[in-house]
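Biologist: Hey, I'm new to this one. Can you pull it up and walk me through it?
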Amino acid sequence: MPALHASEKVMGDEIDFGYESFMKDIDHIIMGRETFAKVLSFPAWPYDKPVSVLSESSVVQIPAVLRDSVTQRSGSPAAILKEVSECGAKHVYVDGGNTIQRFIRAKCVDNLIISTVPVIIGSGRRLFGDILEGEDQWLELEYCKKYRGGLTQISE
């Protein structure tokens with residue numbers, strides 16, 4: 001995204017690409033342990049709502065300062081959603097490549113927002129991998145929005 005000139009005033013979604021308004025409706029975040037580790041490397045913890053960190057095989061080290069708002073969970077996506085809904089969650093944000101793939105495979109995703117940046121990356125992980133084992137899953141476009149700098153978001 002081009003740098004903002006000091007005199008340029010950008011309001012609303014144009015700076016955060018809709019993130020703040022999206023997060024207003026979210027009351028619980030579910031992420032994998034790799035995403036959790038990445039978020040822990042940020043200068044400050046960015047969330048003000050409950051977070052579930054998924055790990056089937058290892059104990060996740062949750063810093064003491066986050067233990068009131070971060071919980072480790074394991075189980076099927078349906079079971080995890082049932083647990084967090086019993087804690088009052090109605091709108092859940094699922095984050096992290098492997099975690100998103102598990103939830104899509106289990107048909108536990110109601111709305112999918114995909115952001116694209118106008119850059120061709122030479123290598124990296126595939127967005128969805130082989131989550132549906134060769135089966136196509138058609139999506140219905142709900143909206144498409146282009147932001148300054150070329151970032152585009154689509155929602156199904």
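**Around Val-70**

Modeller: Sure, and keep in mind that this is a predicted model. Take Val-70: beyond its neighbours within four places in sequence, Val-70 is in contact with Phe-36, Trp-45, Val-51, Val-53 and Ile-62.

Biologist: Which residues touch the most other members of the largest nonpolar core?

Modeller: That core has 14 residues, and the ones touching the most other members are Ile-29, Met-31, Phe-36, Tyr-47, Val-51, Val-53 and Val-70. β1 (28-32), α3 (33-40) and β2 (51-54) each supply at least two residues of the core.

Biologist: And what's in the second core?

Modeller: It's a separate set of 8 residues, including Leu-54, Ile-80, Phe-103 and Cys-108.

Biologist: Switching to rings, how many aromatic pairs are there?

Modeller: The whole structure has 4. In one of them, the ring centres of Phe-22 and Tyr-93 are 5.3 Å apart with planes at 85°, so that pair is edge-to-face. Phe-22 sits in helix α2 and Tyr-93 in strand β4, so the pair ties together parts 71 residues apart in sequence.

Biologist: Is Tyr-93 buried or exposed?

Modeller: Buried, at 19% relative accessibility; the cut-off is under 20%. Phe-22 is partly exposed at 28%.

Biologist: OK, sheets. What's the strand order in the open one?

Modeller: The order is β5-β7-β6, with antiparallel pairing. β5 and β6 are at the edges with a single partner strand each, so each has one side without a neighbour in the sheet.

Biologist: How many bridges do β6 and β7 share?

Modeller: They pair over 4 bridges, and Lys-146 has Thr-152 in β7 as its bridge partner.

Notes:
Residues numbered from 1 in each chain as written. Predicted model: local features only at pLDDT ≥ 70, side-chain atom pairs only at ≥ 80, totals over all residues. Heavy atoms only, no water. Pairing = 2+ DSSP bridges. Core = buried A, V, L, I, M, F, W, Y, C linked by side-chain atoms within 4.5 Å. Buried < 20%, exposed > 50% of the residue type's maximum accessible area, 1.4 Å probe, protein only. Contact = heavy atoms within 4.5 Å. Phe/Tyr/Trp six-rings, centres within 6.5 Å; stacked < 30°, edge-to-face > 60°.
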